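Subject: Structure for your review

Dear colleague,

Please find the structure below, together with its sequence. A summary of what was found in it follows.

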Amino acid sequence: MESLIQIVNKLQDVFAVIGEHKIDLPQIVVVGSQSSGKSSVLESLVGKSFLPRGTGIVTRAPLFLQMIRYSEEDYQEMVKITKNRNIKCWATFLHKDGIIYENFDEVRYEIEKRTDVLAGDNKGITHEPIVLKVFTLSFDLTFVDLPGITKVPVGDQPEDIDEQIQELILKYVKQPNSIILAVVTANTDPSTSESLKIARKMDPEGARTIAVVTKLDLIDKGTIQDTTDLLCGHRIPVKLGIIGVVNRSQKDINDNKSMKETVKSEKDFLRMNYPDIYKNHGNKVLAKKLQDILVKHIKNTLPALLKNLNDTKTKLQNELKTLQTPDSKVSFVLGLFKEIYKSYCDTVLGNTKNISDNTVMGGARISQIINEEYSEKVNKIDPLLNLSEEQIRIILLNTAGITNSSFVNLKALENMIGRQLNNLIEPSLRAVDIVRGEMLKIFDLIDENILGTLKRYPRINSDVRNVLNTVLDEYLTNLKECINSHIETYQTCLNTKNPIFLLKLVHFSTNECNTKNDAPNVISAFFEQNKGDVKEEHLIQKFKEMLSGLTDHAAETSEQVKIHKRLTHCYFEFIREIIVDYVPKRIHHKMVNLVLNNFEHELDEKVFTLYVINQSFNEVLVEEEGVVEDRERVEQMLFAVNKALKSMVDIQCF
C-alpha cells in the first residue's frame, strides 16, 4: 500500500495540473532568504545535486518536490522504459510524461528550461508550479520550494520583485494545512531572519513551523554556545523543532564532493562541535523528523480536507449545471423564464432558502420603505410649513376681495390647505420611485444559479431585464398619477364637517385651552363653556352649529388668523393620516402585486413569443465570451476533485 505522503502527492499532482484552486493540501513549504542554504538543504535530503544555482533569483516558480520511496512495481516500470536495471535513483516531471531522468544534471537543465517557459527569461516569477518526482530508497517526503526572499532587485529583475515574491510565499504559508520549513542561517541574528518574520506573521503561535539552521560551519568558534542555545530552542519560538545542518560549501560543489562524503563530514562536524546534542541534528534527522511531522499532519487534517473536497464537488456540480448546453433550446428558455419568475416572487415574498442575516432585503426592504421610512418622513412634516400668521392674514384679505370677510373664510381655508397638502405630494411620489428601484434591485437577489445562467446569455439577460424595467415604468406612471390625483381631491374638495376632522379640532382646541390662556378665542371659549359635556358626538354637533352661525359674523383679523391657522393645522393632520394609510397600500396593490401577478405573462408575451415567431433561439442562446473556457475549467476541476476523492479512499484504510 502507498504511504500517506504518496497519496497526498497524487492530490498535489491533480491540482497542479488545474492551476489556481482553493484546496488546502497538507504540505511542507520551504521559506528562506536568497543564499540561506535552502537549495543545499533540499539536495542533502534527496541525496542528489539537481537544483539550479547562481546569483540573484534562481528559483522563479514553485517547485513541488516529491521524494518517493519507490516500490518494486515502480522499479519495474522504470526498467521497462529505460531498459536499465542499474539505476537506483531517478526523476520524472509531471509535464514530461513517460520520460525518466537518471542524470540529475539533466533534471537541473529541465527545471531551468521549464521555468523560462512559465516565467519568461526576464528574471520574473510565476505562480505556475513545476512538479518534480524523485524516486529514491530513502524517504517519502514532499516539499514546495519557493523563490528566495529578496529586498533589492538585481539585473533584469522587476522593480517590485520583493512584493511579487512575498505574495507568492504568503499564498502557500497562509494555508492552515501547510507546514512551514523556515531556513535560518547560523551566522546571522535570528531576529532579523526574513523567513522567521513570515512564519511568525502567518503562524504566530509557531504551531506549524519547524526551523532549519544552516551554515553552522561558518560561525566563529567563540559563538558556539550561542548557537547551542539557538539549536536547543531558546531563541526561536517554534513548536515543531529546530534542527541544525551542515551542507556542502561552494568549494565542495565546485570540487564535486559527493553527497555521501557530505553526510559523513556533517556528522563528524556536529559530533566535534556539539557533542551533547549532535544526535538531534543533521540532514538525516531532519528527513526523519519531517516525515513524521508530515504523516501526523496529514492524519490530523484529513477530516477537514475530505470535507473541503466534498463541498467543492457540490459547488462545482451546481456551477456546471448553469454552464451546460441545453438539449432543447425552446424548453430550456421556457423553463428558465418560469424559474426566473418563481425565484423573483420568492425573493419578494421571503420564501428564499438563503436568507440574509446581514441586511434587510427583498420584500422586507419594500415593506420597510413604504411602512416605516415613508410614514416617518411624512409624519415629520410641519402642518404649517412655510405658512406664517402674516401670510394667513394676507390670504384672508385677498380672498375676501371688496367684501367683508366672514369669520370662517372657506376660500382662504381651501387655499391654505391646498398649499399645505402640496407638501405630501413629493415624498409620496418619491416613495414610488424608491420602491421601483428596489423592485429592480430584487432581480439581482434571485437564485445565483439563475443569475449565472442569465449572465451566460447576454441577449436573454437584457431582454428579461428590459421587460421588468418597462413593466415597472408603466406601473410607476399610473401609480404616480393615481396618488397625485388622490391628494388633489383633498386639496380642492374640503369637507370641514367630517366628524374625524372635527374630532381632531375638538382635541386640538381642548388641549390648547388647557395649556394657554391667550386672547379671547371663539373656538377655545366654546370648548371651555362646554367642557362638562363628555359625549364627543354631542359636542361635535354643537360645534358644527356654532361654526355655521359664525360664518355670517365679522371678526377682528387677529382672531380670524388664529382660527384659520388652527383649522389648517387640524385639516392637514386629518388628511395626512388618510394619505399615510393610502399611499403604502396603493404602492403595494398597484406596483408590487401587479408585478408579481403579471411578470410571467409579460415574459411570455413580450419575449418568449417573439423568440418563437422570429425563430431566434439560436441567436439569443449565443454564450458570453469566455463561457466555453469557464465550462472547460469547471469540468476539469470537477474531474480533479473526483480523482482526488478516489485517492482519499486509500487514506481511510490507514
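Leaving aside its neighbours within four places in sequence, with which residues is Thr185 in contact? Before the reply, two remarks on conventions are in order. This is a predicted model, in which local features need pLDDT of at least 70 and side-chain atom pairs count only at pLDDT 80 or more, whereas totals for chains, interfaces and linings use all residues. Residues are numbered from 1 along each chain as its sequence is written, and side-chain values use heavy atoms, with hydrogens and water left out.

Surroundings of Thr185

With those sequence neighbours set aside, Thr185 is in contact (heavy atoms within 4.5 Å) with Ser35, Ser36, Val213, Thr214 and Lys215. Thr185 belongs to strand E6, residues 178–185; helices (H or I, at least four residues) and strands (E, at least two) are DSSP runs, numbered from the N terminus. The relative accessible area of Thr185 is 11%, so the residue is buried; buried means under 20% relative accessible area, exposed over 50% and partly exposed in between, with a 1.4 Å probe and protein chains only. The side chain of Thr185 also makes a polar contact of 2.6 Å with that of Thr188. A polar contact is a pair of N or O atoms within 3.5 Å; within protein, one must be able to donate a hydrogen and the other to accept it, and residues adjacent in sequence count only if both atoms are side-chain atoms.

Helix H7

In helix H7 (residues 224–231), the buried residues are Ile224, Thr227, Thr228, Leu230 and Leu231. Seen down the axis of H7, these buried residues fall within an arc of 160° and therefore line one face of the helix; the arc is that of the directions from the helix axis to the C-beta atoms. Their cover includes strand E7 (209–214), strand E8 (242–244) and helix H9 (259–273). Gly233, just after H7, has a positive phi of about 90°.

Nonpolar cores

A nonpolar core is a set of buried Ala, Val, Leu, Ile, Met, Phe, Trp, Tyr and Cys residues joined through side-chain atoms within 4.5 Å. The largest one has 67 residues, and those with the most contacts inside it are Phe337, Ile340, Tyr344, Phe443, Ile460 and Phe599. Helix H20 (557–614) is among the elements that give two or more residues to this core, and H20 supplies its largest share, 20 residues. Outside its neighbours within four places in sequence, Ile340 is in contact with Phe443, Ile450, Leu454, Val464, Phe599 and Leu603. A second, separate core of 42 residues includes Leu65, Phe143, Leu181 and Val212.

Salt bridges

There are 24 salt bridges in the structure, each a side-chain nitrogen of Lys or Arg within 4 Å of a carboxyl oxygen of Asp or Glu. In one of them, the closest N and O atoms of Lys480 and Asp433 are 2.8 Å apart. Lys480 lies in helix H16 and Asp433 in helix H14, so this pair ties together parts that are 47 residues apart in sequence. Lys480 is partly exposed at 22% relative accessibility, and Asp433 is partly exposed at 26%.

Arg459 and Asp463 form another salt bridge, 3.0 Å from N to O. Both residues lie in helix H16, four residues apart, about one turn of the helix. Arg459 is partly exposed at 34%, whereas Asp463 is buried at 17%. Finally, Lys264, Asp268 and Arg271 are joined into one network by salt bridges that share partners.

Yours sincerely
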